[in-house]
Amino acid sequence: MANRDPYWMSLALQLATRGRGFVEPNPMVGCVVVEKDELLSSGYHHYFGGPHAEVDALSKCDPKRLADSTVYVTLEPCSHFGKTPPCVDLLLRLRPKRVVVAMQDPFSEVSGRGIQALRLQSIEVDVGVLGAQAQELNAPYLKRLAKGIPWVTAKWAMTLDGAIATRDQDSKWISNELSRGIVHQLRSGMDAVIVGIGTAIADDPLLTTRLPDGTRPARIATRVVVDRECRLSPTSMLVSSIAEGPVLVACSERAEPERVRNLRSSGCEVLMIPEPEVVSSLEFTLRELGSRRYTNVLLEGGGTLLGHAFDRELIDQVHCFVAAKLAGGAKAMRPLAGVGKSLMREATELDNTTIETLGDNVHIQGIVRRVAARD
Ligand SMILES: NC(=O)c1ccc[n+]([C@@H]2O[C@H](COP(=O)([O-])OP(=O)(O)OC[C@H]3O[C@@H](n4cnc5c(N)ncnc54)[C@H](OP(=O)(O)O)[C@@H]3O)[C@@H](O)[C@H]2O)c1
Ligand SMILES: [Zn+2]
């Protein structure tokens, strides 16, 4: 019979995605239990603090049938006590014949120990089946562990001629309702939504997540404003809606103390950026969010902040909404209004792109290809 490992692992990977937005800062994990090419049970990690995928799958399965079974799991089983007991202990108790793991967990408390513990007790373990897909699935989790900063998704809406606002900074609305609905879905899985003070002043946005039919979002994103001089108005929509979700303002330690006090007394958290770090205020903010175990953030503009993020290679993924409209004007704001590239052959390419038509808008999504991986 053909090697069925990739088939069963791809099922486990699909199941894992159901936890997206609910499990972070944990990774998404799926698990299937198979005996003689028959599915015995399946499961996934549903929400942060809840049972791990292995527990979910194995609890639904007749233990008597496990002796000849294979357990497929998209990430190395944990070997440490976190919010729940180690999955390795459960596997050692139930003793399936074989465990197939898509990838090792780089988390320092696990990092190979789970695999080793199973092998030491003579359970056959294979590692690396659909490993690349498993890495892709949990790219935000892996990035946070490796670099200490969240996965940065940049989002903007633009006219067909590449304007994110008119020459007078007007931008309401460029995209249609279908596109804006997708933006709310995107926000619903984010730990933070970030804008520059230029956008907070020009648009006075709410940046809350509003899903159709009042559906509750998977998580409430912290609304972050990069605002070195602390210019955000206490009467802005962001501050006035503090009851709907936290607001974090990142400003220089040299900002006017009165403004800082006013925002704090309105319920905002103010993050003080030490003077030498102020030129990299976005990077500083991202490191702070990473230390809070934020996994996914949505960078929503404007052009200056997005341009800065692009030039510093801080963007991991892009969602762009293109409207069949023309704004014209050399002074209209562009989405990545930083320094940019000198040569077209240096232009950043996107991988795993998806393109969908939403009425008279086109939604293009892709993962930023890093230069090192280019040839
Ligand atoms: N269509 C869309 O999707 C969309 C989305 C968002 C915004 N917009 C439009 O974009 C326009 C606003 O864009 P914008 O470029 O003026 O504002 P912005 O990017 O929101 O904010 C720019 C601010 O960021 C700060 N900044 C500058 N350089 C920085 C750096 N290197 N690192 C960190 N922060 C830095 C500066 O303020 P401080 O020095 O005071 O910190 C600057 O005022 C508005 O017209 C808005 O309507 C469109
Ligand atoms: Zn576990």
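This report describes the nonpolar cores, the surroundings of ligand 1 and one loop residue in a predicted model.

The largest nonpolar core holds 57 residues, and those with the most contacts inside it are Ala192, Ile194, Val225, Leu232, Val249, Val297 and Leu299. Strand E6, which covers residues 151–159, gives this core its largest share, 6 residues. A second core, separate from the largest one, has 39 residues, among them Ala16, Val29, Val34 and Val129. In soluble globular proteins, nonpolar side chains tend to be buried together. Within the largest core, Val225 is one of the residues with the most contacts; when neighbours within four places in sequence are left aside, Val225 is in contact with Val195, Ile197, Ala200, Leu232, Leu238 and Val249.

Around ligand 1 there are 29 residues, of which Gly196, Gly198, Gly301, Gly302 and Thr304 come nearest. At least two residues of this shell are supplied by each of E6, strand E7 (192–196), helix H8 (197–203), helix H11 (281–291) and helix H12 (303–311), and the largest share, 5 residues, comes from H8. The shell divides by class as follows.

| Class in the shell around ligand 1 | Number |
|---|---|
| Nonpolar | 13 residues |
| Polar | 11 residues |
| Charged | 5 residues |

Arg210 lies in the loop between H8 and strand E8 (222–226). Arg210 counts as partly exposed because 15 C-beta neighbours are found inside 10 Å, whereas 20 or more would be needed for a buried residue and 12 or fewer for an exposed one. Between Arg210 and Val183 the separation is 27 residues in sequence and 9.4 Å in space, taken from C-alpha to C-alpha.

Note on methods: Residues are numbered from 1 along each chain as its sequence is written. Chains are lettered from A and ligands numbered from 1 in the order in which they are written. This is a predicted model: local features need pLDDT of at least 70, side-chain atom pairs count only at pLDDT 80 or more; totals for chains, interfaces and linings use all residues. A nonpolar core is a set of buried Ala, Val, Leu, Ile, Met, Phe, Trp, Tyr and Cys residues joined through C-beta atoms within 7 Å. Helices (H or I, at least four residues) and strands (E, at least two) are DSSP runs, numbered from the N terminus. Two residues are in contact if their C-beta atoms, placed from the backbone, lie within 7 Å. A residue is near a molecule or strand if its C-beta atom, placed from the backbone, lies within 6 Å of it. Ala, Val, Leu, Ile, Met, Phe, Trp, Tyr, Cys and Pro count as nonpolar, Asp, Glu, Lys and Arg as charged, and the others, Gly among them, as polar.
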